[in-house]
Each structure stands twice: as structure tokens, then as C-alpha cells.
Amino acid sequence: MNFDDDDDETLELEQDEAKEEAKETDSNEDINCVVEPTPVIEKDKAQSETYETDLELEADSEKLFTTGQEDLYIEACKLVGVIPVSYFIRNIEEAHMNLNHHELGPKGTKAIAIALVSNTAITRLELEENWMMEEGILALMQMLHENYYIQELNVSNNHLDYAGAKIITDFLLENTSSLWSIQLAGNNFKDETAHMFYNAFVSNYRIKVLDLSHNAFSEKGGEQLGQMLVLNEGLQTLDLSWNQLHLRGAVSLCYGLRNNTTLKTLNVSWNGFGNEGAQALGDALRINSTLAYLDISNNHMNNEGANKVARGLELNENLKVLKNVLVTEGFVKQLEGLYHAHPELDVIYGEVVGTISKSVILSSPLKAIKAYVDKKNITVFDFFKEIDHLGTVKMPVGEFRKALTMQTKVPLNRIQIRELIKKLDPDQTGIVDYRVLQEPEYGISPNDRKGNNTTRKNEEEARNKEAYTKVL
């Protein structure tokens, strides 16, 4: 036996085994490299912790762009443990989403928020009375950090309370969203939240419409909101009705109104202003140059208070509509002088104290105008074109009211003019477009007018021919 040959064979076997082990090791290392998880990159620590989103599906960016809106919402509902809302699924591509009174709750609202992160269709979102509470409103504000398409938001009557006010105002303070209208009525916001709204709206210039009605702001809250009006440069419509501002709140709010230069519509009805508040309001109206609509209904103002407001209106050139439910005969008489000085002004009131209500049947303003134009052989459209000093077919409501008040061809009272404005501006845009009154529906059509003119011409020719024959 040759031991040298055996040693060589043994050595070769050991080398072969070593090579096989090396191959297995390399193979295992390759597998480990393939399955090794990608390191997690943390979010920017500088971003506010409040808005580091916890909308679970949002983290999977690939899922957002590969999953349909409906599938994404259904997946979100499974995630939070709620039943999908069929109305939301059917209308997810519409511009207006109305989910008022759907009892979504906090989790249902969160599922909606997850689905809306990547939605580009909805611009108006209504979620009134859904018991969303703190968790729900937080999810919505997180969603709005990613969604720049939603412009109008209604979250009224959702039990948001102090925590909800903090979340909303922190979001508005950033002044980065596309929202221009937000409705927050009936959310139990009290005086301790007023400074939050002050801070938010001193900085925020994007929100044009704010509804804080049916909350619990009293005198202290009114003071903060009044100071907000002094510095805010964005709000055009503010609803503070059904709060408890009372005297101090009213005085502060009116001071803010004196210095504000953007607000056009203000509703402070049901706030207990009293006569002292009426005095502050009258003083503000003497100075304010932008307000066009003011509702002061049900504010415990008697004849004295109403007269104080009226005296403020004497120097106001911009207010177009003043709404007050209860007035006195003295106030009504004073209005006649105001109407003479400011024919564009419209004061809406109900019962007159100390008088017996009578049912008054008024003729339709359009019928009255139609009777006039028929006699003149013109159209209703022609009538309005004649009184339109701007030379357009579209007029601001105030200018339209002024034109109808000052024209003498067809006498119309304030109620008839108001009815006509409602007909021509049904959506309350503030612009009257009287093109809808063009022939043939509201007067003589061009063909009829041409025919009438031809008839008159023929009659004149016949008379002339008859006279010429007689002369011969």
C-alpha cells in the first residue's frame, strides 16, 4: 500500500470539503444581504410633534398611489375597526362631500381622514354633528397637512371643547393650508379658548369665513375676539351669534370693528348687547368703511338703543343690510330719513313695538314693471337697462337697490325691491344679474317689436295716402 497516495487523496478530500463549506457560507451571506431590512429614516425632529401623523396607511406611500380611493378607505375602515360609509364611497370623486349627521365618531372620522390624504377631488367637506371629539379633529388636521385641495370645512357640533380648539388653532397658526372657510359652531368653546383664536387669527390671513356661533364666549371672550378684529387682515365674514358677549364683550367687539378694514359680513345676534352695546355699535358704524351686512337681532335693544344705531348709520356710506327683528315706530320713522340719504341701504325688521300687525298684500314687483313696459312698448330688460347707470347687466345689490329706489317710472316700496333682489340673486352672491329678464319671457320679443313697428309704419303710410287723396 502506498501511504503517500493515501495522504494525497485525504488532502484533496479535505480541500474539497473546505471549498464546499466556503460556498455555503458565501451563499448564506448573500441571502442575509437580500432580506436585511432597509434602515428606517426618522422624520424631521424639527416638525411639531402634534402633527407628526399617526394616520397608519399614510406611511406606506406606495400604497397611496397604487390603491384606488375606495379600496384605501375600506382598508382604513378595517384598520380602525369601523363600518365603511357607502355615501362617502359613492361620492369620493365629487367636489362637495356632505357627511353631516352620519354618527362617524372619532374612529370613523379617522378613517375618512386617511382616505382623504391623497384625494384631489373634494374641495368642500362637511362633517357637522359626528361626535368626532379630540381624536377625530386631530386626524383631520393631520390630513390637512398633506391635502391642499380642501378649501371649505364644516366641523360644527362635534364636542371639540378645549382640546379641539387647541388642535384647530395650532393648525391655523401655521397659515399653510388652502382653507378659506371654517365652521366651528356649537363646539362648547369657552372664554379660556378665546386667546387661542386671538393668536391664530392675528397671524392667519387665509381664512375668509369663520363661524363661531352657538358657543359659550362671554364678556372676557368677547374682549379677546374684539382685539383679534383690530389686527386680523383676512376675515370677511364672521358669525358670533348665540354667544353671551353682553356689554363688555360688545364694547370690545365694536372697538375692533372700528379699526377693522376687511370684514364685510357680521352676525352678532342673540348676544345681549343692550342699549350700551348699541351705543358702541353706533359709534363703530360711524367709522367703519367696509362692513356691508350686519345682523343685530335679539340683543335687548329698546327704542333708545335702536336710535343710537340709527344715528351711527347716518354717516355710514357702506352698510347695505341691517337686520333687526324688533323695532319701534320711532325707529321706523327715522329709517325714512336714512333711506333718503342712503337709498342703497336695506333694514330688515319684523314686529314694530306698539303697533298691531296687519297682513299687507303687495303686488308682484315684476308685474308692476311689466304693466309699465307694455304701455311703453319695450321689454322688462330694457327697463332695467335704462336705470343701470353702470352700463352693465350685472350690478352690486346695493347699487341695484339704489337705482330702483331713485327711479320714478314704477313706484316700488322696500319690500317689493327686496323680493325682486331675492329673485335676481337667489344665491345671495351680492350681484344682481338681470339678463334672466331678457325677452321673450319678460316682455316683447324682438320679432314682436319689429312687427309692431312695421304695423305702425303701415298705418302711418295709409293715413298719409288717405290725406293725399283727399287733397287731390
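The exercises below, each with a worked solution, concern a predicted model of a protein.

**Exercise 1. Overall description**

State how many helices and strands the protein has, and what share of its residues is buried.

Solution. Begin with secondary structure: the protein contains 18 helices and 14 strands. Next, take burial: of the 472 residues, 44% are buried. Then turn to the surface, where the accessible area is about 25600 Å² and carbon and sulfur atoms hold 50% of that area. Last, consider the contacts with a separation of 6 or more: 79% of them link residues 24 or more positions apart.

**Exercise 2. The sheet**

Give the strand order of the open sheet of 10 strands and identify its edge strands.

Solution. The order is 1-2-3-4-5-6-7-8-9-11, and the pairing is parallel. At the edges are strand 1 (96-98) and strand 11 (346-348), each of which pairs on one side only. Between neighbouring strands of this sheet the average turn is 5 degrees, direction ignored. For detail at one edge, look at strand 1 and strand 2: they run parallel and are joined by 3 bridges. Within this region, asparagine 98 lies opposite glutamate 126 of strand 2.

**Exercise 3. Helix 5**

Decide whether helix 5 is largely enclosed or not, and find what its buried residues pack against.

Solution. First fix the geometry. Helix 5 covers residues 105-116, and its 12 residues reach 17 Å from first to last C-alpha, close to the expected 16 Å. Now apply the burial cut-off, under 20% relative accessible area. The residues that meet it include Gly105, Pro106, Gly108, Thr109 and Lys110. Ala111, Ile112, Ala113, Ile114, Ala115 and Leu116 are buried as well. Because 11 of the 12 residues are buried, helix 5 is largely enclosed by the rest of the structure. Its buried residues pack against helix 3 (69-80), helix 4 (86-90), strand 2 (124-126) and helix 6 (133-144).

**Exercise 4. Two partly exposed residues**

Locate glutamine 236 and arginine 258, and list their contacts beyond four places in sequence.

Solution. Take glutamine 236 first. This residue sits in the loop between helix 9 (219-231) and strand 6 (237-239). Its relative accessible area is 31%; the class between buried and exposed runs from 20% to 50%, so glutamine 236 is partly exposed. Leaving aside neighbours within four places, glutamine 236 is in contact with Lys208, Thr262, Leu263, Lys264 and Thr265. With threonine 265, the sequence separation is 29 residues and the C-alpha to C-alpha distance is 6.3 Å.

Arginine 258 belongs to helix 10 (residues 246-259). A relative accessibility of 34% makes arginine 258 partly exposed. Not counting residues up to four places away, arginine 258 touches Asp283, Ala284 and Ile287. The C-alpha atom of serine 289, 31 residues away along the chain, is 8.6 Å from that of arginine 258.

**Exercise 5. Nonpolar cores**

Describe the largest nonpolar core, follow the contacts of leucine 294, and name members of the second core.

Solution. The largest nonpolar core has 81 residues. Those with the most contacts inside it are Phe88, Leu125, Leu140 and Leu294. Leaving out residues up to four places away in sequence, leucine 294 touches Leu266, Val268, Leu281, Leu285, Leu319, Val321, Leu322 and Lys323. A second core, separate from the largest, has 24 residues, among them Tyr372, Ile387, Val432 and Leu437. As background, nonpolar side chains tend to be buried together in soluble globular proteins.

Key:
Residues are numbered from 1 along each chain as its sequence is written. This is a predicted model: local features need pLDDT of at least 70, side-chain atom pairs count only at pLDDT 80 or more; totals for chains, interfaces and linings use all residues. Side-chain values use heavy atoms; hydrogens and water are left out. Helices (H or I, at least four residues) and strands (E, at least two) are DSSP runs, numbered from the N terminus. Buried means under 20% relative accessible area, exposed over 50%, partly exposed in between (1.4 Å probe, protein chains only). Contact means heavy atoms within 4.5 Å. Accessible areas come from the Shrake-Rupley method with a 1.4 Å probe; for residues, only the protein chains shown count as cover. The expected span of a helix is 1.5 Å times one less than its number of residues. Two strands pair if DSSP finds at least two bridges between them. Axes are lines fitted to C-alpha atoms, for helices over the stretch in contact, and angles run from 0 to 180 degrees between N-to-C directions. A nonpolar core is a set of buried Ala, Val, Leu, Ile, Met, Phe, Trp, Tyr and Cys residues joined through side-chain atoms within 4.5 Å.
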